[in-house]
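Reader: I would like to go through some of the labels used for this model and see what each one rests on.

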Amino acid sequence: MSIHLLDEETILKIAAGEVIENPASVVKELVENALDANATSITIETKNGGKSLIRVSDNGVGIPAEELDLAFMRHATSKVESYEDLFSIDTMGFRGEALASIRAVSSVTVLSKREADAVGHFVKFSDPDEPLRQSIAHNTGTTMIVEDLFGKIPVRAGFLKSALAESNRVTDLIYRFAVANPEVSFKYLKDEKIILRTSGTSAQSAIAELFGPDVSEKLMAVNFRYEKLQIRGWIGKTSLYRGNRGMQYTFVNQRVVSEPMLTQIIEQEYSARIPHGRYPIFFIWVEVDPGAIDVNIHPTKQKVQWVEDTIFLPVKDMIRKALNEESDLNLLIEKKEPEPPERVNLYTMTEYKAMKSQKQATPIEHIAEKQLPYVEKREEVRKPAFSNLKTPTVSEQLPIEMPQSIQKEEPKSLFANLRYMGTFSKTYLLFEDPLTSEMVMIDQHAAHERILFESLTTGMDTENIQTQMLLVPQNLRVKAHEKESLMRNRALLESLGFIAEPLGEDHFVIRGIPYQFGRLQSPQALFYSVLDTLEQEHNLSQRDLKELLIKKACTLAVKSGDLLNEVSVDRLIELLSKATQPHTCPHGRPTYIRMPLKSIHKWFQRIPS
Ligand code: ADP
Ligand code: MG
């Protein structure tokens, strides 16, 4: 064969192969064009996995009648004028290749009308015939119809997978678009059945609409800014994971990208916290100055080049912080089931006052005390925050001496060198401190109570109160008198960070709860607690209610019998060592004791007593 120039048609088909691989790549290009046209509503329809039909309609700006042909020519674009523009791309498309490529491998029809046009226009390109043109009635916006994909190129058609496999790809992609662009309303019909629909309001509602409350209620917000880079989104709690990466969403400047590096960093942070072989769920939006990334590296623009080092550490930190916060307050144990949204009994005001005047111990104190075989002997009992509830029992007979180190206050190095050995009686965490030759026992419940207590009290400082807005507002059924008492106490509740409003006759909708509690209790359970308290006492002060809630929340600390994993144990001692009062729980009982090797030697009569 002698050398000759390829004809235009062949060149186009070769190039098309780079951009259009399958129905999903057609959908991707058409939806990106709709987004670039500022559409706020996009409907996608497919038949036979997209092999027979793909229709994408938008309400964007439309294409002028005289440019309809041009749009389907190679290198025709309205988005870039010069090479320099490539370095500040803020649109999805810019190469002007997609429509030309789609046209080369299918039969394609466009219908479009601009706001200013009286009528819309229709052009059907179906080689080798002349395009068919018509004026038509059409809403402002554009509809692209792609039929018979690769029909003209049987070799390529042969590479397509089954309709099911192709449509799975399309579905996955549309989910990604719908999450990436929550302010756009998406609708997707597959073989005439509605598969998904979003309202186009917020990321929260899109996630809830697409994945339901099982997912949306178990997400934690993450957010950080680093120079010209902003990363924000939601990551799943550690109780939420999947068998594959299908629920990992990363977007760079709203672009749906696969970002292996980001994925890897996030997965690493989860690795010790979720079962092996499972994958975390996350939705991460990266916004970066378009000048700082290179989107021009591949025609399908699925990968974005960026300076990995810049974000590696900050992202790691951000994820770890969120996960730590989760385990701090909520998941020190692998809870079997999430808390059911049932009513929880809160202390009545009378009980509470009784406790305050030291006359009555709470049941939990009884239990915990019985299980506490050794109580350290101390000269001076530091005043715990709930000091008026109970003072610690001091037992004289126990052969345990207080090591020197504990009497000096050294919160930083308190548990610095501990080596975890295991758990005794499902209650006491046992450690070896090789530096001081001591055995350290930590009461997991007391320690966790102290941590919760401090985090809640700081979080509930009147200055500090923050509201956590719920991803999905919760409707709560209330009785008439409950509603009345909620209405009466609305200002009080708001002052503590609750955002709730009446809804119809017998419902309240909770939109926000105090931030610290959001990590700890289901919003309903928390709200019912409040409701019960308000019912029992009519003139609660903000302080009383706050204290009651904190007290109640502290009882959610891990109990004896709860099995902690090693990550949680590490975290527990780390947090306890940072507490301002690490030595006692809020009721004044010790959180840990240290047993010098010398005492143990004495018990075994290795050295004389
Ligand atoms: P690119 O998106 O890279 O510019 P395309 O081949 O995808 O190239 O599209 C060519 C041009 O057609 C776009 O630049 C745009 O002006 C116009 N266009 C395509 N789809 C739409 C749409 N849905 N609404 C408005 N204009 C569109
Ligand atoms: Mg495009």
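Reader: Why is lysine 559 called partly exposed?

Author: The model is predicted, and in it lysine 559 has a relative accessible area of 33%. Buried means under 20% and exposed means over 50%, so a value of 33% is classed as partly exposed.

Reader: Where is lysine 559 placed, and which backbone oxygen lies 3.1 Å from a polar atom of its side chain?

Author: Lysine 559 sits in the loop between α19 (542-554) and α20 (566-578). The backbone oxygen is that of alanine 557.

Reader: How far apart are lysine 559 and threonine 427, in sequence and in space?

Author: They are separated by 132 residues in sequence, while their C-alpha atoms are 7.5 Å apart.

Reader: Why does asparagine 324 count as buried?

Author: Its relative accessibility is 12%. The cut-off for buried is under 20%, so asparagine 324 meets it. This residue belongs to helix α10 (residues 308-329).

Reader: What makes the pairing of the asparagine 324 and arginine 273 side chains a polar contact?

Author: The distance given for the two side chains is 2.9 Å. A polar contact needs a pair of N or O atoms within 3.5 Å, one able to donate a hydrogen and the other to accept it, so 2.9 Å satisfies the distance limit. Leaving out residues up to four places away in sequence, asparagine 324 touches Arg273 and Arg571.

Reader: Why is helix α9 described as largely enclosed by the rest of the structure?

Author: Helix α9 covers residues 260-270, and eight of its 11 residues are buried, so the description follows. Among the buried residues are Met261, Leu262, Ile265, Ile266 and Tyr270.

Methods: Residues numbered from 1 in each chain as written. Chains lettered and ligands numbered in written order. Predicted model: local features only at pLDDT ≥ 70, side-chain atom pairs only at ≥ 80, totals over all residues. Heavy atoms only, no water. Buried < 20%, exposed > 50% of the residue type's maximum accessible area, 1.4 Å probe, protein only. Helix = DSSP H or I, 4+ residues; strand = E, 2+ residues; numbered from the N terminus. Contact = heavy atoms within 4.5 Å.
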